[in-house]
Amino acid sequence: MATDRVSKSSKWFSNKGLRLSLHRRRSKSSSTLSSPNSLMSPYTPKKDRAREDELKEVFRHFDSDGDGRISALELRAYFRSIGEYMSHEEAQSAINDLDADQDSMLDFQDFSEANEEGG
């Protein structure tokens, strides 16, 4: 059943030019950094920094209230703004597929891992 959810999530993300590749949920023991700024290090290569900056900008478009997390309502609002309909159930299912800490919201770490290239 989990693969059904992943393929539904893939429909919403991969077709929107974000080149997302969905990964299975990480274990609860994995560390999760919730601040978009906490991932940058002075040792991050320039290309990686540019990619991360780009992801942060996209993340901010989804995170309309600026709290550092994307809710199902924000996800629906984003897709509505680009002319796509997404039900609340579809939005929550997409979030649940990617949500590492199982708080029913996507933080930047979840979002960036979903956007990793080549995965």
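## Exercises on helix α3 and its surroundings

In this predicted model, the axes of α3 and α4 come within 9 Å and cross at roughly 115°.

**Exercise 1.** Work out how α3 and α4 are oriented to each other, and which residues meet where they pack.

*Solution.* Begin with the general point that two packed helices are described by the angle between their axes and the distance between the axes. The next step is to place the crossing angle of roughly 115° against the range of 65 to 115 degrees that counts as roughly perpendicular; α3 and α4 are therefore roughly perpendicular to each other. The handedness of this crossing is right-handed. Finally, turning to the contacts, A72, L73, L75 and R76 in α3 meet H88, A91, Q92, A94 and I95 in α4.

**Exercise 2.** Find which residues of α3 are buried, and which members of the largest nonpolar core touch the most other members.

*Solution.* Helix α3 spans residues 72-81, and its buried residues are A72, E74, L75, R76, Y78 and F79. The largest nonpolar core holds 18 residues, of which F62, I70, L75, F79 and F111 touch the most other members. Two or more residues of this core come from each of α2 (46-62), α3, α4 (88-98) and α5 (108-114).

**Exercise 3.** Describe what follows α3, and what the UniProt record says about residues 50-85.

*Solution.* After α3 comes G83, with a positive phi near 85°. According to the unreviewed UniProt entry, the annotation "domain: EF-hand" covers residues 50-85 and also 86-119. In the model, residues 50-85 are 64% helix and 6% strand, and the end C-alpha atoms of this span lie 31 Å apart.

Terms used:
Residues numbered from 1 in each chain as written. Predicted model: local features only at pLDDT ≥ 70, side-chain atom pairs only at ≥ 80, totals over all residues. Heavy atoms only, no water. Buried < 20%, exposed > 50% of the residue type's maximum accessible area, 1.4 Å probe, protein only. Helix = DSSP H or I, 4+ residues; strand = E, 2+ residues; numbered from the N terminus. Core = buried A, V, L, I, M, F, W, Y, C linked by side-chain atoms within 4.5 Å. UniProt positions renumbered as here; feature names shortened; annotations may be inferred. Axes fitted to C-alpha atoms, helices over the stretch in contact; angles between N-to-C directions. Parallel < 35°, antiparallel > 145°, perpendicular 65-115°, else oblique. Left-handed = near helix turned anticlockwise from the far one by under 90°. Contact = heavy atoms within 4.5 Å.
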